Amino acid sequence: MKAFHTICRQLRSSKGFSLEPTAHVDFSTSSYSCSQKKKVNPYKEVDQEKYSDLVQSVLSSRGLAQIPESLFEEDNLLYGPVSKCKPPKQDEEAKAPRNWCPLLIPERSVKPNATSTPTVPLRIPLQRNTIPSVTKILQQTMTSEQIFYLERWKQRMILEMGEDGFAEYSSNIFLQGKRFHKALERILAPQRDLKESDENLESGYIESVQHILKDVSGVRALESAVQHDTLKYVGLLDCVAEYQGKLCVIDWKTSEKPKPSIRNTFDNPLQVVAYVGAINNDVNYSFQVQCGLIVVAYKDGSPAHPHFMDTELCSQYWAKWLLRLEEYTKKEKNQNIQKPD
């Protein structure tokens, strides 16, 4: 012990040596700190030369400069173009008309016999009354999406043409459609006046439907009114005739843009099936119709697109038409309630 004190005195007297208290240091006894090893970078084990091209393409300025348009182009090449048709909502799929009325009447003949077939197509004039028309019902029950796109198209046309130009354009479109229908009447009527000249008979629209007219026969009605007494609506159909041997309500349409799919015709199938249901319930018609046909003609003479609606498809659109009719009736009732006395 004496020797230990001697050593301490010698160290204290040494130059630069100090026995001042030092900061307290804690020594962890956890197994983690005691057994911690130096981290190993897993990327060092990757073959850098093998994937150098991939890394370079990802980090290159070309990859970083991609814009949404270029990404959409790549998606189109890889997966095909994006479908613009939105799927129906689940609640719309499950919705069914409250007041069901059949499209077809079993008691009536599906096809007219020789004695009931008129030699001259029926042309029943449309009576102006308080019963709403098919056109009005469809216009008053358009979806918000349909209204949005229609208004956007209108505003874009006004920006290009101006108010007066757009009004003239709309008038010309209406007149062209009217002349097209008149020309078709003269072609389809078996006792038309051949001496009566019409320059529209050689128009692009007529040329467009030539391949369709070859399959049309047995015309039963032309520009004739129909009325559904049970559901309370009226309409003026274009034509009832046989198309490829099947009796159809035929609706002639004109378009500046191609409409190769029936989905491109918007509410036209509902209009056709509304006429089908009205004919089958109208006492002025002694026959029953089960099919429909929408023909889209083009001014440049390119072949028209025919959209045939068989009995099953007509039944599907009939349910949708009944829903639109119920919606219209509900709106009219609410408006009448809100009107002041």
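A residue counts as buried under 20% relative accessible area and as exposed over 50%, with partly exposed in between. With that scale in hand, the charged pairs and nonpolar cores of this predicted model can be walked through in turn.

A convenient place to begin is helix α12, which holds both Lys-331 and Glu-327, four residues apart, or about one turn of the helix. Lys-331 has 34% relative accessibility and therefore counts as partly exposed. Glu-327, with a relative accessible area of 31%, is likewise partly exposed. The side chains of these two residues, Lys-331 and Glu-327, meet in a salt bridge, with an N to O distance of 3.8 Å. Elsewhere, Arg-123, Lys-182 and Glu-185 are joined into one network by salt bridges that share partners.

Across the whole structure, a search finds six salt bridges. One of them brings together the side chains of Arg-220 and Glu-242, at 3.1 Å from N to O. This pair links distant parts of the chain, since Arg-220 sits in strand β1 and Glu-242 in strand β2, 22 residues apart. Both Arg-220 and Glu-242 are buried.

Helix α12 also takes part in a salt bridge through Arg-324, whose side chain meets that of Asp-267 at 3.0 Å, N to O. Asp-267 belongs to the loop between β3 and α11, so its pairing with Arg-324 in α12 ties together parts that are 57 residues apart in sequence. Asp-267 and Arg-324 are both buried.

Turning to the nonpolar residues, the largest nonpolar core has 36 members, of which Tyr-233, Val-240, Val-249, Ile-279, Val-289, Trp-318 and Trp-321 touch the most other members. At least two residues of this core come from each of α7 (134–140), β1 (216–228), β2 (233–243), β3 (246–255), α11 (268–281), β4 (291–298) and α12 (311–338). Helix α11 gives the most, with eight residues. A second, separate core comprises 24 residues, among them Val-216, Leu-222, Tyr-243 and Ala-297. In soluble globular proteins, nonpolar side chains tend to be buried together.

Trp-318 offers a closer look at the surroundings of one core residue. Leaving aside residues up to four places away in sequence, Trp-318 touches Trp-100, Cys-101, Pro-102 and Leu-103, together with His-228, Leu-231 and Tyr-233, as well as Val-273, Ala-274 and Gly-277. Tyr-233, one of these contacts, is itself among the core members that touch the most others.

Technical notes: Residues are numbered from 1 along each chain as its sequence is written. This is a predicted model: local features need pLDDT of at least 70, side-chain atom pairs count only at pLDDT 80 or more; totals for chains, interfaces and linings use all residues. Side-chain values use heavy atoms; hydrogens and water are left out. A nonpolar core is a set of buried Ala, Val, Leu, Ile, Met, Phe, Trp, Tyr and Cys residues joined through side-chain atoms within 4.5 Å. Buried means under 20% relative accessible area, exposed over 50%, partly exposed in between (1.4 Å probe, protein chains only). Contact means heavy atoms within 4.5 Å. A salt bridge is a side-chain nitrogen of Lys or Arg within 4 Å of a carboxyl oxygen of Asp or Glu.
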